[in-house]
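Work through the exercises below with the sequence and the structure side by side. Each task is followed by a solution in steps.

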Amino acid sequence: MPTTAPVWVLDEDEAVELLAYLITAARTQVDEAAEYGPMRLLTAAHRLAEQIAPRSSRATAAFVHDELDQVPELAVPRTGREEYVTRLDELCRSLAAHLSARWAPDRAGPA
């Protein structure tokens, strides 16, 4: 269970804007190079984070500012692929720790 009371962090217009981005990005991705897929997803993540951070719990806002903001949304690696993948792996681990602390605090490991 979440550790905070439910709060709306997106209104319908913001949610529809994100939905439209995801759907059109999926279509665009069909004709683009594969490296653009992660970029499009990170752009969506940054857009969502921008909308929810001011209305989120301190922990979620901290994740957005301390972790997600460290990965540029327009980072398409032409070189340094291993470092890019490593940073995405680190971001995934940080997100997993945040989600565990939020929904299963009794089972959460070190952040």
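**Exercise 1. Classify glutamate 90 by its accessibility and find its salt-bridge partner.**

Solution.
Step 1. Glutamate 90 has a relative accessible area of 34% in this predicted model, so it is classed as partly exposed. The class runs between the limits of 20% for buried and 50% for exposed.
Step 2. Its side chain forms a salt bridge with arginine 87, with an N to O distance of 3.3 Å.
Step 3. Both residues belong to helix H4 and are three residues apart, about one turn of the helix.

**Exercise 2. Follow arginine 87 to its other partner, glutamate 67, and state what the bridges form together.**

Solution.
Step 1. The side chains of arginine 87 and glutamate 67 also make a salt bridge, at 3.9 Å from N to O. The cut-off is 4 Å, so this pair counts.
Step 2. Here the two residues come from distant parts of the chain, 20 residues apart: arginine 87 is in helix H4 and glutamate 67 in the loop between H3 and H4.
Step 3. Glutamate 67 has a relative accessible area of 24% and is therefore partly exposed.
Step 4. With arginine 87 bonded to glutamate 90 as well, the shared partners join Glu67, Arg87 and Glu90 into one network.

**Exercise 3. Describe the salt bridge of arginine 27, and give the total count of salt bridges.**

Solution.
Step 1. Arginine 27 pairs with aspartate 31 through their side chains, at 2.7 Å from N to O.
Step 2. The two are four residues apart in helix H1, about one turn of the helix.
Step 3. Arginine 27 and aspartate 31 are each exposed.
Step 4. The total comes to five salt bridges.

**Exercise 4. Outline the fold of the chain and its largest nonpolar core.**

Solution.
Step 1. The chain has four helices and zero strands, in the order α-α-α-α along the sequence.
Step 2. Its C-alpha trace spans about 45 × 35 × 20 Å along the principal axes.
Step 3. Of the 111 residues, 25% are buried.
Step 4. The largest nonpolar core contains nine residues: Leu42, Ala49, Ala53, Phe63, Val64, Leu68, Val71, Tyr84 and Leu91.
Step 5. Two or more residues of this core come from each of helix H2 (36-52), helix H3 (58-66) and H4.

**Exercise 5. Is methionine 39 buried or exposed, and how far is its C-alpha atom from that of leucine 74?**

Solution.
Step 1. Methionine 39 is part of helix H2.
Step 2. Its relative accessibility is 9%, so methionine 39 counts as buried; the limit is under 20%.
Step 3. The C-alpha atoms of methionine 39 and leucine 74 are 5.6 Å apart, although 35 residues separate the two along the chain.

**Exercise 6. Find a negative and a nonpolar patch on the surface, and place one residue of each.**

Solution.
Step 1. Asp11, Glu12, Asp13 and Glu17 form a negative surface patch.
Step 2. Aspartate 11 sits in the segment before helix H1 (12-31). Its relative accessible area is 39%, so aspartate 11 is partly exposed.
Step 3. Leu95, Leu99 and Trp103 make a nonpolar surface patch of about 260 Å².
Step 4. Tryptophan 103 lies in helix H4 (residues 81-103). With 43% relative accessibility, tryptophan 103 is therefore partly exposed.

Notes
Residues are numbered from 1 along each chain as its sequence is written. This is a predicted model: local features need pLDDT of at least 70, side-chain atom pairs count only at pLDDT 80 or more; totals for chains, interfaces and linings use all residues. Side-chain values use heavy atoms; hydrogens and water are left out. Patches are made of residues with over 30% relative accessible area and no salt bridge: like charges are joined within 9 Å, nonpolar side chains (Val, Leu, Ile, Met, Phe, Trp, Tyr) within 5 Å. Accessible areas come from the Shrake-Rupley method with a 1.4 Å probe; for residues, only the protein chains shown count as cover. Lys and Arg count as positive and Asp and Glu as negative; His and the chain ends are not counted. The place of a charge is taken as NZ of Lys, CZ of Arg, CG of Asp or CD of Glu. Buried means under 20% relative accessible area, exposed over 50%, partly exposed in between (1.4 Å probe, protein chains only). A nonpolar core is a set of buried Ala, Val, Leu, Ile, Met, Phe, Trp, Tyr and Cys residues joined through side-chain atoms within 4.5 Å.
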